[in-house]
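Here's a quick briefing to read alongside the structure. Pull it up in your viewer and follow along by residue number.

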Amino acid sequence: MEYIQRELERKFIEMDSFFKAVLVIGARQVGKSTMLKHLAKEQNRTYVTMDDDFARELANNDPILFFQTYKPPILIDEIQKAPNLLERIKIMCDESEEKGRFWLTGSQRKKLTERAQESLAGRLGILKLYTLSQREKAGYINANELNFSLPCLQERANNMPENDINNVYEHIWRGGYADVQNATDEQMQVYYQSYIDNYLIADAVNDEGITDIASFKRFLRSCAALIGNLLNYNTLAESAGISVLTARKWLSVLQDMDVIYLLEPYSNNELQRLVKTPKLYFCDTGLCAYLTRWLTKESLRDGAAGGHFYENYVIMELVKNYEYAKSNAILSFYRDSNAKEIDVFVEENGKIHPLEIKKSANPDKREIKKYKVLDKTTVEQGNGGIVCMYPKPFPIDRMNCYIPSNLI
């Protein structure tokens, strides 16, 4: 299969020239090792994966002999399976001023990053990769910095095909795993079932000690059924037939494995009675569609969950955009006790960009009146608008536009 260029490549190369070791984290099969192998194809760089039983045993039992066998510069895949290597990497980093000697990938975000940061403080850069974005699929890499202004959106529109509902739901339904991009419908169903069994369940059992596999699968499906909703542990626990305590633990596991994404509520002391509960999304909509048994893009597009999947898709495109951009941003949503809600706040450089998400090609422009809530704060309001199926960027007023969702 032809390699699809990843937007994170630019940032990885930048960090590789600065740090002695760079770690790329992300869910299984999102393309971490594929991207790094591609970047290393002109280099004489050793490759070894900790999924290999022999290499993993050697790494954990004798790190010194491991690095005599597999010499730097090196790419080590799934480093979380051999945590004993991290201390040895620290020593080897201190013995040399060479940048980028160690390229690492890992699939357990919290445990791995905590241990890596502890062992390699000041020596390690950590980056995150998600499944393919719609712009990566379209070949539009490293777009201009997103600020939601009309000129910014128009520049992006010049490099992307016109927003189209069928293309959008093809992306939502198929998802972003590289292996399914050219798969038939039947092949895709088998892929996702194998992915769940061979990666998600296997890692949950081997790395997290989860033994009740049937209940864990039910819990996974329960999470998929609640995308775009406020997180409710009682509902998840009841649906999966487990305790609330177990639901909290398993949700943390799925978050650590980058299966789910929690969008935190906006917090500001100047505003009263804001909710404190996050909203639940999936990092990949294709996996979520499989779990909820939407077997065609048409049924998903026209079904009761179509709006929730569209919202999930926009949220994750924003997440990917800022994860790969030169400057990061804080994403949140606004909701108060009167159920007044704004779907997304993008907070960067002292400004908040308010966004509504509507699965419509003609959304009501009065939605932007909700943004007046920011007048009660000292925070500066930036450009925003309504992310929707409008074909091209179009101004609503001086600060807001209709924003085609494929431009995010």
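What follows runs from the overall fold to the cores, a strand pair, one helix and a few backbone oddities.

Keep in mind that this is a predicted model. The protein has 16 helices and 14 strands. Its radius of gyration is 22 Å, close to the 22 Å that the globule rule gives for 408 residues, so the protein is as compact as a globular protein of that length.

**Overall shape**

- Taken along the principal axes, the C-alpha atoms fill a box of roughly 65 × 50 × 45 Å.
- Burial comes out at 56% of the 408 residues.
- If you look at contacts between residues at least 6 apart in sequence, 68% of them join residues at least 24 apart.

**Nonpolar cores**

- As background, nonpolar side chains tend to be buried together in soluble globular proteins.
- The largest nonpolar core here has 96 residues, and the members touching the most others are Phe 219, Leu 251, Phe 282, Leu 287 and Leu 318.
- Helix α16 (residues 306-324) gives the most to this core, chipping in 10 residues.
- There's also a second, separate core of 26 residues, with Met 50, Leu 85, Ala 116 and Leu 124 among them.

**Phe 282 and the β6/β7 pair**

- Phe 282 is one of those top-touching core members, and it also belongs to strand β7 (residues 279-282).
- Leaving aside neighbours within four places in sequence, the contacts of Phe 282 include Leu 220, Cys 223, Ala 224 and Ile 227, then Val 259 and Ile 260. Leu 287, Cys 288, Leu 291, Asn 312 and Met 316 are also in contact with Phe 282.
- Side chains alternate along β7: Leu 280 and Phe 282 point one way, Lys 279 and Tyr 281 the other, and all are buried, the lysine included.
- Strand β6 (residues 260-263) pairs with β7 in the antiparallel sense, over 4 bridges.
- Within that pairing, Tyr 261 has Tyr 281 as its bridge partner.

**Helix α10**

- α10 covers residues 185-208, which makes 24 residues, and reaches 32 Å from its first C-alpha to its last, close to the 34 Å expected at 1.5 Å a residue.
- Even so, α10 has a kink of about 30°, centred on Ala 202.
- The buried residues of α10 include Met 188, Tyr 191, Tyr 192, Tyr 195, Ile 196, Leu 200 and Ile 201. Gln 189, Asp 203 and Glu 208 are buried in α10 too.
- Right after the helix comes Gly 209, with a positive phi near 75°.

**Backbone spots worth a look**

- The peptide bond from Pro 72 to Pro 73 is cis, with omega near 5°. Pro 73 lies in the loop between α4 (63-69) and β3 (74-77).
- Phe 148 isn't a glycine, yet its phi is positive, near 65°. You'll find Phe 148 in the loop between α7 (134-138) and α8 (150-157).
- Is Phe 148 buried or exposed? Phe 148 is buried, with a relative accessible area of 0%.
- Asn 349 is another residue other than glycine with a positive phi, near 50°. Asn 349 sits in the loop between β9 (341-348) and β10 (351-357).
- Asn 349 is exposed, with a relative accessible area of 73%, whereas Phe 148 is buried.

How values were computed. Residues numbered from 1 in each chain as written. Predicted model: local features only at pLDDT ≥ 70, side-chain atom pairs only at ≥ 80, totals over all residues. Heavy atoms only, no water. Helix = DSSP H or I, 4+ residues; strand = E, 2+ residues; numbered from the N terminus. Expected span 1.5 Å × (residues − 1). Bend = angle between axes of the 7 residues up to and from the residue. Buried < 20%, exposed > 50% of the residue type's maximum accessible area, 1.4 Å probe, protein only. Core = buried A, V, L, I, M, F, W, Y, C linked by side-chain atoms within 4.5 Å. Contact = heavy atoms within 4.5 Å. Pairing = 2+ DSSP bridges. Rg over C-alpha atoms; globule rule 2.2 N^0.38 Å.
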